[in-house]
Amino acid sequence: MLQNRCPDRPEYADIETAVGVEARKRNLPIYAHAERADMVRRALALHPHAIAHVPVDGTAALAAEIASANAAVITTLALFDAH
């Protein structure tokens, strides 16, 4: 269980854990929507196939974590250039 990962919404840990368990039972890939570093780290705990977006507060260390998890990243950086 992902305890204390989202202190303002503790019920999310149970939901995230259930998603991971059920996806593994069905051999389904997990695609995580994550916009901040804390969201990416929670997603990585579920061993996702891919993470959508690049965290706005990402660091080189977080990039290394993502790379070591072999999770693909679906970037949407062009959205930030929209006027």
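# Notebook: helix packing, salt bridges and two loop residues

I began with Glu65, which at 30% relative accessibility counts as partly exposed. The model I am reading is a predicted one, and I keep that in mind for every entry below.

**Entry 1, Glu65 and its surroundings.** I placed Glu65 in helix H3. Leaving out residues up to four places away in sequence, I found that Glu65 touches Arg41 and Leu44. For the second of these I also looked up the spacing, and the C-alpha atoms of Glu65 and Leu44 are separated by 8.4 Å, although the two residues are 21 apart along the chain. With Arg41 the side chain of Glu65 meets in a salt bridge, at 2.8 Å from N to O. This pair links distant parts of the chain, since Glu65 sits in helix H3 and Arg41 in helix H2, 24 residues apart. I then checked the partner, and Arg41 counts as partly exposed because its relative accessibility is 31%, a value that lies between the 20% limit for buried and the 50% limit for exposed.

**Entry 2, the two helices behind that pair.** How do the axes of H2 and H3 cross, and how close do they come? I noted that the axes of helix H2, residues 37-44, and helix H3, residues 60-68, come within 11 Å and cross at roughly 20°. H2 is therefore roughly parallel to H3, as angles under 35 degrees are counted that way. The crossing in which H2 passes H3 is left-handed. On the H2 side I listed Ala37, Val40, Arg41 and Leu44, and these meet Leu62, Glu65 and Ile66 in H3. Sorted by class, the contact of H2 with H3 has 5 nonpolar residues, 2 charged ones and no polar ones.

**Entry 3, other salt bridges.** I searched the whole structure and recorded 6 salt bridges. Which residues does Glu22 pair with in salt bridges? One partner is Lys25, whose side chain meets that of Glu22 at 3.1 Å, N to O. Glu22 and Lys25 are separated by about one helical turn, because they are 3 residues apart in helix H1, residues 11-25. Another partner is Arg26, where the closest N and O atoms of the salt bridge with Glu22 are 2.4 Å apart. On accessibility, I wrote down that Glu22 is partly exposed, with a relative accessible area of 30%, whereas Lys25 counts as exposed at 62%. I also came upon a network of salt bridges, in which Glu16, Arg36, Asp38 and Arg42 are linked.

**Entry 4, Glu35.** Where is Glu35 found? I located Glu35 in the loop between strand E1, residues 31-33, and H2. At 39% relative accessibility, Glu35 counts as partly exposed. Setting aside neighbours within four places in sequence, I found Glu35 in contact with His53, Val54, Pro55 and Val56. I looked up one spacing as well, and Glu35 and Ala52, 17 residues apart in sequence, are 8.0 Å apart in space from C-alpha to C-alpha.

**Entry 5, positive phi values.** Most residues other than glycine have a negative phi, so I noted residues that depart from this. One of them is His47, whose phi is near 55°, a positive value in a residue that is not glycine. His47 lies in the loop between H2 and strand E2, residues 50-52, and His47 is exposed, with a relative accessible area of 64%. I made a matching note for Asn70, which has a positive phi of about 55° although it is not a glycine. Asn70 lies in the loop between H3 and strand E3, residues 72-74, and at 68% relative accessibility Asn70 counts as exposed.

**Entry 6, the chain as a whole.** I closed the session with the overall layout. The protein has 3 helices and 3 strands, and read along the sequence they follow the pattern α-β-α-β-α-β. Of the 83 residues in the protein, buried residues make up 29%. Finally, I took the contacts between residues at least 6 apart in sequence, and 23% of these join residues at least 24 apart.

Definitions and conventions. Residues numbered from 1 in each chain as written. Predicted model: local features only at pLDDT ≥ 70, side-chain atom pairs only at ≥ 80, totals over all residues. Heavy atoms only, no water. Axes fitted to C-alpha atoms, helices over the stretch in contact; angles between N-to-C directions. Helix = DSSP H or I, 4+ residues; strand = E, 2+ residues; numbered from the N terminus. Parallel < 35°, antiparallel > 145°, perpendicular 65-115°, else oblique. Left-handed = near helix turned anticlockwise from the far one by under 90°. Contact = heavy atoms within 4.5 Å. Nonpolar A, V, L, I, M, F, W, Y, C, P; charged D, E, K, R; others polar. Salt bridge = Lys/Arg side-chain N within 4 Å of Asp/Glu carboxyl O. Buried < 20%, exposed > 50% of the residue type's maximum accessible area, 1.4 Å probe, protein only.
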